[in-house]
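Here is a short report on one protein model. Please look over the sequence and the fold first.

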Amino acid sequence: MGAENEGRTRADAFRDAYHLGDQPLGDLVALIEQTVRCDVAVLDTTEQDEHGLSMRDPARHIVFIGIARTRNPMRQRSTLAHELAHVLFEDWDASQGEELSHRSVREIRADAFARHLLIPRAGVRNFIGEARPLTEGDLSSLVQRFLVSPAIASIALQDCGYISDDQKSTWLSISTGQLARRYGWVDQYEAMQDESDRSRPPQRLLARAVSGYEEGVLSAQAVATLRGVSLEAAQDYLDRTSSGPRAPEVPSMAAEDLPPVDTDLSALDDDAPEGRTP
């Protein structure tokens, strides 16, 4: 089984395991956190070519996926699905000199997994229907429905036999923004851009932070730092989503309820050594 088939088979199995059918996928961050139980964060990056990474702590069996903020939401979704593939295939061992940034078999397999997960063959066929000459408007509708780049949608259309290699090559150069502006869904696309350009902490970590705030052991500033927002915004968020920090409970007891204390003061009656005061 080649890397392409291996990626497609695993993507189909993932959809079957979590009852995703052949429908478009919504929030991938939430989907990954709820299914494979790893932490996902959307982060600021200084390197323009750093799109995503996945890491595992073998001692604590913790897996983390980090994704870069970007104004390209379709690429961010592809990167998330790509990193999910590395987690599922357990591509942790790069000790043989293989770097995950290269087009290795692992990378080709992860690309195939991402493409088939985001836009499965059955979903394309159900959406397009019978084979017919397709227009750029059809491509736009497919991109808008499955929230993938025109390049990925074109590869899926060619894979399903709807378009030729030449038409695919022509459509590979079209951007999502061009389709959104030409076919009237630019407002949806700009909303997606705003969403993908925001930092986002792992859901479980944020939940623990809110719990810590409620227990009075974590400040609102710590929550603000975690979310990458101002203190005012974090405080407003906490006021709306939490019951506020609890006041510490100080135990109190009446004097008569105190237990008797047996104190031996006999040593005070001893004679003090010469030159010293007992």
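The report goes from the whole chain to its aromatic pairs, one helix and a few single residues.

**Overall form**

The model is predicted. The protein chain has 13 helices and three strands. Its C-alpha trace spans about 110 × 45 × 35 Å along the principal axes. The radius of gyration is 29 Å, whereas a compact globule of 278 residues would have one near 19 Å.

Of the 278 residues, 40% count as buried. The accessible surface of the protein chain comes to about 16500 Å². Carbon and sulfur atoms hold 49% of that surface. Take the contacts between residues at least 6 apart in sequence: 63% of them join residues at least 24 apart.

The protein chain carries 29 positive and 46 negative charges. The mean positions of the two sets are 11 Å apart.

**Aromatic pairs**

The structure holds three aromatic pairs. Phe14 and Phe113 form one of them, and it is edge-to-face. Their ring centres are 6.4 Å apart, with 75° between the planes. This pair links distant parts of the chain. Phe14 is in helix α1 (residues 3–17), and Phe113 is in helix α4 (residues 105–118). The two are 99 residues apart. Both Phe14 and Phe113 are buried.

Why does the pair of Trp185 and Tyr189 count as edge-to-face? The planes of the two rings stand at 80°, and the cut-off for edge-to-face is over 60 degrees. The ring centres of Trp185 and Tyr189 are 6.3 Å apart. Trp185 is buried, at a relative accessible area of 4%. Tyr189 is buried too, with 9% relative accessibility.

Ring pairs also link Phe14, Tyr18 and Phe113 into a cluster.

**Helix α7 and its cover**

Helix α7 covers residues 150–159. Its buried residues include Pro150, Ile152 and Ala153. Ser154, Ala156 and Leu157 are buried in α7 as well. What covers these buried residues? Among the elements are α3 (73–88), α4, α5 (121–128) and α6 (136–146). The cover also includes α8 (165–171) and α9 (176–182). Gly161 follows α7, and its phi is positive, near 85°.

**Positive phi outside glycine**

Two loop residues have a positive phi although neither is a glycine. Glu90 has a phi near 55°. Glu90 is found in the loop between α3 and α4. Leu147 has a phi of about 55°. Leu147 belongs to the loop between α6 and α7.

Are Glu90 and Leu147 buried or exposed? Glu90 counts as exposed, because its relative accessibility is 57% and the cut-off for exposed is over 50%. Leu147 is buried, because its relative accessible area is 15% and buried means under 20%.

**Histidines and a glycine in helices**

The table lists three buried residues that lie in helices.

| Residue | Helix | Relative accessible area |
|---|---|---|
| His86 | α3 | 1% |
| His116 | α4 | 4% |
| Gly212 | α11 (residues 203–214) | 12% |

His86 can be set against Pro251, 165 residues apart along the chain. Their C-alpha atoms are separated by 52 Å.

What does His116 touch, leaving out residues up to four places away in sequence? The partners are Glu4, Arg8, Ala11, Arg15, Arg121 and Asp159. His116 lies in helix α4, as does Phe113 of the edge-to-face pair described above.

Gly212 is in helix α11. Not counting residues up to four places away in sequence, Gly212 touches Val217 and Leu218. Gly212 and Val223 are 11 residues apart in sequence. In space they are 9.5 Å apart, C-alpha to C-alpha.

Definitions and conventions. Residues numbered from 1 in each chain as written. Predicted model: local features only at pLDDT ≥ 70, side-chain atom pairs only at ≥ 80, totals over all residues. Heavy atoms only, no water. Rg over C-alpha atoms; globule rule 2.2 N^0.38 Å. Buried < 20%, exposed > 50% of the residue type's maximum accessible area, 1.4 Å probe, protein only. Contact = heavy atoms within 4.5 Å. Areas by Shrake-Rupley, 256 points an atom, 1.4 Å probe, with all protein chains shown as cover. Lys, Arg positive; Asp, Glu negative; His and termini not counted. Charge placed at Lys NZ, Arg CZ, Asp CG, Glu CD. Phe/Tyr/Trp six-rings, centres within 6.5 Å; stacked < 30°, edge-to-face > 60°.
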